[in-house]
Amino acid sequence: MTTMETSTPSPAGPIAELVARARAAQRIYETWSQEQVDMAVTAAGWAIIEPTRNRELAELAVADTGVGNVEDKVAKNHRKTFGLLRDLKGARSVGVIVEDPARGIIEIARPVGVVCAITPSTNPGATPANKIINALKGRNAVIVAPSPKGWSTAARLIEFIHAQFDRIGAPRDLVQLLPSPVNKQSTAELMRLCDLVVATGSQANVRAAYASGTPAFGVGAGNVAGIVDETADAALAADRIVRSKTFDNATSCSSENSLVVIDAARPALIAALEARGAVMLDGPQKAALQALMWPEGKLSPAVIGKSATQIAERAAEQDAAGRDAWRAIAARQPRILMVAEDGVGHEHPYSGEKLSPVLAIYAARDFEDAASIVARIYAYEGAGHSVGLHSAKPERALTLGLTLPVSRVIVDQAHCIATGGSFDNGLPFSLSMGCGTWGKNNFSDNMNYRHYLNITRVSRPIPEQMPGEEEIFGAFFAQHGAA
């Protein structure tokens, strides 16, 4: 060691050791070429997409969390990962990525370093995979901090990734897992020691990420509303709504929680929903279901990610007066439970996020009234996320985009499938949707690989392009004078 060198202090504690190993691996990885990086990205994708591994992860996720259903998790693991790999194929993330001679600008992609990835129990396979792949695309290391219930699924996923890394000679420490038992203290320390935090899950986790002192991307609360207007095709709208609301037992933040239906559309739409397995509850059943879902004012795990049939069976156990009616509903194997709602706020819990196939139905006089109701709902919960629209009037989508506090307007699509990117729309594949300042986020995009990059810009001189005073102030002076 020369006199100019200093020794590196040994890590203090297991979390610091984890981060130190990640940094060592990342220093190797950042020297890799674009071709090598893309091979690592593909290896991590194949780790979850390979059918046998995919099904094992889906089964483990449902067994350990009790949330969602296996077949939909298999579909989500495959579709979201495959779509992400499609988006990343050919994207430049190493070295020079943009050359703009006219502006004299060259953009160079640089890693952010070590990423702390906070992931939820609702997607313990697909969300970690998405964040790992995006982080790898930027030549970063990543340490996953899963929910306690999702730990075993994340651990198995990372075992699969390590096996694929061994095949291509990538350092295993590029992808690591926060040791079990995961708790607030260990997660907070990891966030503090990493270079970037990407947080998906509860708003408590997102707020903790923003407060960690480390640069962070977090997502806002979900509570999607959809509008069905008088011009919509009731059958097609019902198909899309049922597909969205039932997928993985409505655990997605992009699943509709409320439908705002214009009066002229209501009879046909409700009939179409009922024909597809939705059941409209009466007043006493609505009250009984509310008692089951929010026993102490907080959404109960008894309904989160459960099927409508399971929820009806649990309601039958709790609602003695309505037991026979609930059993009859359960016997029909309903796909969605619907309740009529007209209020918004804490006194009307159906106006919030339900994470289950329970759907609040609001009545609106016309399109303006429908947009106003959605605005009230989002003033309570869900601002910044997205809104659905089923309509034959394309200008109404633009109106919503210009006036509502939303980052996405999803038109004539199955909302939870479309919002996070789809093969039949142009949104990036993602499981983390920014909600802008409306949702107290610092971004409003579908989170993608560019959020995991630093960009260095080289600026060279170009011919001067200074405008004249008239070009800048002419219109202003013409109207208001030059005083």
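Helices are taken here as DSSP runs of H or I with at least four residues, numbered from the N terminus, and in this predicted model the third of them is followed by Gly 66, whose phi is positive, near 70°. Helix 3 itself comprises 15 residues, 51–65, and at 1.5 Å a residue it should span 21 Å, a value with which the 21 Å separation of its end C-alpha atoms agrees.

With burial defined as under 20% relative accessible area, the buried residues of helix 3 include Arg 53, Asn 54, Leu 57, Ala 58, Ala 61, Val 62 and Thr 65. These residues lie on the same side of helix 3, because the arc that they cover around the axis is only 165°. Thr 52 and Ala 63, by contrast, are exposed on the other side of the helix. The cover over the buried residues of helix 3 includes helix 2 (34–49), helix 4 (70–88) and helix 6 (151–168).

A search of the whole structure for cavities of 30 Å³ or more returns one, and the largest cavity holds about 40 Å³ of space. Its lining is made up of Leu 57, Ala 58, Ala 61, Lys 73, Lys 76, Asn 77, Asn 123, Pro 124, Gly 125 and Ala 126, with helix 3 and helix 4 each supplying at least two of the lining residues. Leu 57, Ala 58 and Ala 61, which are among the buried residues of helix 3, thus also belong to the lining of this cavity. In terms of residue character, the lining divides into five nonpolar, three polar and two charged residues.

Key: Residues numbered from 1 in each chain as written. Predicted model: local features only at pLDDT ≥ 70, side-chain atom pairs only at ≥ 80, totals over all residues. Heavy atoms only, no water. Expected span 1.5 Å × (residues − 1). Buried < 20%, exposed > 50% of the residue type's maximum accessible area, 1.4 Å probe, protein only. Arc of directions from axis to C-beta. Contact = heavy atoms within 4.5 Å. 1 Å grid on protein atoms, 1.4 Å probe; cavity = no way out; pocket = protein on both sides within 12 Å on 5 of 7 lines; lining within 4 Å. Points joined across faces, edges and corners; volume = space filled by probe spheres on them. Nonpolar A, V, L, I, M, F, W, Y, C, P; charged D, E, K, R; others polar.
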